Amino acid sequence: MTWKGLLVAGSFILPALFGAPVLSQDLDAQIKSGKTAYDQLCGKCHGKDMVNPGTGSFDLRKFPLDQKQRFYDSVNNGRGDMPAWADVLFDGELDAIWAYVATKGGTRPMPEKSSAAHANDALTDLMTPGHLTVCLARNGGALSGKRSSGGVGLDYRTSKALAEALDLELSVTWFETEPEEENDPVRETYAMLALPLCDLVASHPLYEGSFGEPKFESAAPPRWDDMPDNWGHKQVDVAPISITEPYMRAEIGLVAGPGFVGAVNDLAELSGHRVAYQQGTLSGAILTAQAPQAVIDEAKTFNPGPTFLWEIENGEADVAIVDVAAYDFHRRQNSITKLRLLDWRHPIGFNIGFAVLTANDGLKQNIDRLTTKLVASDQMRSFAEEDDITYAQPKVPFVSPALTLSTLRSLR
């Protein structure tokens, strides 16, 4: 068995090989007392003997051992769905529970370093020590996709580069996006970070209202890998989130079908052509707000999703207004496509960054520093070229104002 295999096998093999840690009699008694309190108060949610998949509640086997004060604060004051236990615990019980958790039930030495020794460590609030855990859409088109080993797409490549720069292992929580009008990705981001499913959520749009103090108390996460079958539409209490410096820009363009000849400089030039758009999308709203009435009257509406551009490929329209990333994904799916992306771009677009809990400011500062470097050095553009993606650099101001009907009608 390899060393990696021994580590994966867990605490049941390692103590047998090297011997259980030598514990003082007082600590041994404290751990036993902690186990009793844990079984009575904590085991129902966090799992018997701390064996827990980490989906319905935090996996305490992964709790950072240098963050004792964070553990105490969470237990005393509550965190997410966990209630506050300060008025329930007897004197000494919290110390005993910490001893049980910190020593993994007596199978590890008591950690010597206190959280105070790491107060200035910018990465102490990682969900899993030594790992940068990123939430990525498994059906994220050209930006992210799950594979049997690892993933693909610009978001995956960027996340991997960030983890390597921080000397951390990349872990990915894959989730499913729903291209439906009633779907709210921003609420889902709040929920994923609060649960927590990850340290960062990729492809977060930077606009007023997409970050900061939430305007809602709870939200439901999207479906994710290893999601419990009985999760349903369970809501989680949310917390403030922040946004990092952007690493790319999402733009809206025009895709010409096989029969379309020439270029377009303005939506008014689409008169006389069969135009297609997706209902309930920003690109569709732009077309119906700004195109001449004759174009709108003749335009054809489709449901949003990856089949949209296949309809154009099959001759259902001459030209389509769509997110540029959607065209990149279609081109990846159909390498001999006859569609072509025109040069025209609408001025309305969004810079894209990572979302992170506001409380994890140290991680945000690190990601800000690294993404700024990736963009300035043109490394992001190189990543995009390697993935055959149409890359657009972030534009100032980085945070877009909230969209209004007036903006849709006036910004051309």
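Here are some short exercises on the structure above, each with a worked solution.

This is a predicted model, in which local features need pLDDT of at least 70 and side-chain atom pairs count only at pLDDT 80 or more, while totals for chains, interfaces and linings use all residues. Residues are numbered from 1 along each chain as its sequence is written, and side-chain values use heavy atoms, with hydrogens and water left out.

**Exercise 1. Classify the ring pair of Tyr38 and Tyr100, and say which helices hold the two residues.**

Step 1: start with the rule. Rings of Phe, Tyr and Trp (its six-membered ring) pair if their centres lie within 6.5 Å; planes under 30 degrees apart are stacked, over 60 edge-to-face, and the rest tilted. The structure holds nine aromatic pairs.

Step 2: apply it. The centres of Tyr38 and Tyr100 are 5.2 Å apart with 50° between the planes, a tilted pair.

Step 3: place the residues. Tyr38 belongs to helix H3 (residues 25–41) and Tyr100 to helix H6 (residues 93–102), so the pair ties together parts 62 residues apart in sequence. Helices (H or I, at least four residues) and strands (E, at least two) are DSSP runs numbered from the N terminus.

Step 4: check burial. Tyr38 and Tyr100 are both buried, where buried means under 20% relative accessible area, exposed over 50%, and partly exposed in between (1.4 Å probe, protein chains only).

**Exercise 2. Do the same for Phe71 and Trp98, then look for a cluster.**

Step 1: the ring centres of Phe71 and Trp98 are 5.0 Å apart and the planes lie at 50°, so this pair is tilted.

Step 2: Phe71 is in helix H5 (residues 68–77) and Trp98 in helix H6, 27 residues apart, and the pair links distant parts of the chain.

Step 3: both Phe71 and Trp98 are buried. Ring pairs join Phe71, Tyr72 and Trp98 into a cluster.

**Exercise 3. Compare the span of helix H7 with its expected value, then describe how H7 crosses H14.**

Step 1: the expected span is 1.5 Å times one less than the number of residues. For the twelve residues of H7 (residues 154–165) this gives 16 Å, and the end C-alpha atoms are 16 Å apart, which agrees.

Step 2: list the burial. Among the buried residues of H7 are Leu154, Tyr156, Leu162 and Ala163. After H7 comes Asp167, with a positive phi near 60°.

Step 3: fit the axes, which are lines through C-alpha atoms, for helices over the stretch in contact, with angles from 0 to 180 degrees between N-to-C directions. The axes of H7 and helix H14 (residues 379–386) come within 10 Å and cross at roughly 135°.

Step 4: name the angle. H7 and H14 are therefore oblique to each other (under 35 degrees is roughly parallel, over 145 roughly antiparallel, 65 to 115 roughly perpendicular, the rest oblique).

Step 5: the crossing of H7 and H14 is right-handed, meaning that the near helix is turned clockwise from the far one by less than a right angle; anticlockwise would be left-handed.

**Exercise 4. Locate the cis peptide bonds before Pro196 and Pro397.**

Step 1: Leu195 and Pro196 are joined by a cis peptide bond with omega about -10°. Pro196 sits in the loop between helix H8 (185–194) and strand S5 (200–205).

Step 2: Val396 and Pro397 are also joined by a cis peptide bond, with omega about 0°. Pro397 lies in the loop between H14 and helix H15 (405–410).
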